[in-house]
Amino acid sequence: MADRQTVRGTAIPNIPWEEKPKGCQDVVWRSARNPIIPRDLIPGSNSIFNSAVVPFDGAFAGVFRADDKTRRMVLHSGRSEDGICWKIEHEPIRFVCEDQEIGDFEYGYDPRVCWIEDRYYVTWCNGYHGPTIGVGYTHDFETFHQLENAFLPFNRNGVLFPRKLHGKYAMLSRPSDNGHTPFGDIFYSESPDMRYWGRHRHVMATTNGWQGTKIGAGPIPIETTEGWLLIYHGVLTSCNGFVYSAGAALLDLDEPWKVRYRTSPYILSPQTLYECVGDVPNVVFPVAALCDAPTGRIALYYGGADTVVCLAFTQVDELIDFVMQHSIVPRKQKVGK
């Protein structure tokens, strides 16, 4: 199906990849090497999970959530030749920031990394009198600069689009509260300068089942001929606590707050030991997706049980077909409009 040339993007010829196992009927399948990053890859780490990966210099680089043994939530940079075996810096990232009012933040977790024009932008859940969206950038994954926080507390899951839309930077986020939020919809916002954010628009609400409690954007959206392919997480409140799974949606290319299609079933849910057992049981949390435009291959990085980093695979055309064929009607919107 790759001959449809669905992806509007670049080639990643060395993208991590494993063919779908024989007999597998799922649209997304797990790496046989999972978890690819254990909880103790660096000294002093309690867990490494919910981390962002991008192509860099013919190889791969990323920003990693590594909770230490005091249980501080901090960010580390890392490099890999193949996207599987990683060297993560032992010391946390120290952002260069002109204003120490925001530079001395309390914690940082669940980063995303997005290439826009001439640099890699980093967004993360930033502790500034409660969780908000921190914003920074790097050119080399060695020196990181911090910009103004995007929003007031409380907010999480800040995910940038990989290009400007109508001349503006664009971001998805999930307004929240100060705790382990028992609610949450996805919203869209724009900025002329990555400093002042506005034109807030509602994108998606919770529905039923696996995405009935809260939802949040996952990896950077992938631009396709059918719309922005958004992989997101959804949360079910079970009798034993929250259960995090992953779904996918297609957003309008010009007005991304308009949902064209959205999966009714999940595409990945906690099923394996490393997803069901850990610091937070029953969590699949998608954060990064590499996509090779010529082949349509997607390598999906996700956190397992808030403890380890895992990898899964899909084909973009196969995933888009799945979203269209198993779509629900979004609230206040009709499919295809």
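This passage walks through the strands, pockets, cysteines and backbone oddities of one structure. The model is a predicted one, and residues are numbered from 1 along the chain.

A good place to start is the open sheet made by four strands, which line up in the order E6-E7-E8-E9 with antiparallel pairing. Strand E6 (108-116) and strand E9 (144-146) sit at the edges with a single partner strand each, so one side of each has no neighbour in the sheet. On average, neighbouring strands here are turned by 30 degrees against each other, with direction ignored. Within the sheet, strand E7 (residues 119-127) meets strand E8 (residues 131-138) through eight bridges, in the antiparallel sense. One of the residues involved is Thr123, whose bridge partner in E8 is Val135.

Further along the chain comes another antiparallel pairing, that of strand E20 (residues 297-304) with strand E21, again over eight bridges. Tyr301 finds its bridge partner in Leu311 of E21. The hairpin of E20 and E21 has three residues between the strands, and Ala305 takes a positive phi there, near 55 degrees. E21 also has dealings with strand E1 (residues 29-30): two bridges join them, and the two run antiparallel. Here Trp29 has Phe313 of E21 as its bridge partner. E21 itself, residues 308-315, is mostly covered, with seven of its eight residues buried.

Strand E12 (residues 186-191) and strand E13 (residues 198-204) make an antiparallel pair too, joined by four bridges. Opposite Tyr188 stands Arg201 in E13. The hairpin of E12 and E13 has six residues between its strands, and Met194 is the residue with a positive phi, near 65 degrees. Elsewhere, strand E5 (residues 86-88) includes Ile88. This isoleucine has a relative accessible area of 5%, so Ile88 counts as buried. Ile88 and Phe64 lie 24 residues apart in sequence, while their C-alpha atoms are 7.9 Å apart in space.

Next come the pockets. The largest one holds about 720 Å³ of space. Its lining is made of 33 residues, and those nearest the centre are Thr10, Ile12, Pro55, Trp115 and Pro162. Strand E2 (45-56), E6, strand E15 (222-224) and strand E19 (284-292) each put at least two residues into this lining. Sorted by class, the lining of the largest pocket comes to 25 nonpolar, four polar and four charged residues.

The second largest pocket has a volume of about 450 Å³. It is lined by 26 residues, with Arg65, Tyr109, Asp110, His180 and Asp306 closest to its centre. Two or more lining residues come from each of E2, strand E3 (59-68), E6 and strand E10 (155-160). E6 gives the most to this lining, namely three residues. By class, the lining of the second largest pocket splits into 10 nonpolar, seven polar and nine charged residues. E6 therefore turns up in several places: at an edge of the open sheet, in the lining of the largest pocket and in that of the second largest.

What about disulfides? The structure has zero of them. For Cys97, the nearest cysteine sulfur belongs to Cys125 and is 17 Å away. Cys97 is buried, at 13% relative accessible area. Cys239 also goes without a bond, because the closest cysteine sulfur, in Cys276, is 14 Å from its own, which is too far. At 89% relative accessibility, Cys239 counts as exposed.

The backbone has a few quirks as well. Asn34 and Pro35 are joined by a cis peptide bond, with omega at about -10 degrees, and Pro35 belongs to the loop between E1 and E2. A cis peptide bond also runs from Pro153 to Phe154, where omega is near 15 degrees. Phe154 is part of the loop between E9 and E10.

Positive phi values crop up in residues other than glycine, too. Arg71 has a phi near 75 degrees and lies in the loop between E3 and strand E4 (73-80). Its relative accessibility is 45%, so Arg71 counts as partly exposed. Asn157, which is not a glycine either, has a positive phi of about 55 degrees. This asparagine is found in strand E10 and, at 7% relative accessibility, counts as buried.

Notes: Predicted model: local features only at pLDDT ≥ 70, side-chain atom pairs only at ≥ 80, totals over all residues. Heavy atoms only, no water. Pairing = 2+ DSSP bridges. Axes fitted to C-alpha atoms, helices over the stretch in contact; angles between N-to-C directions. 1 Å grid on protein atoms, 1.4 Å probe; cavity = no way out; pocket = protein on both sides within 12 Å on 5 of 7 lines; lining within 4 Å. Points joined across faces, edges and corners; volume = space filled by probe spheres on them. Nonpolar A, V, L, I, M, F, W, Y, C, P; charged D, E, K, R; others polar. Disulfide = S-S within 2.5 Å. Buried < 20%, exposed > 50% of the residue type's maximum accessible area, 1.4 Å probe, protein only.
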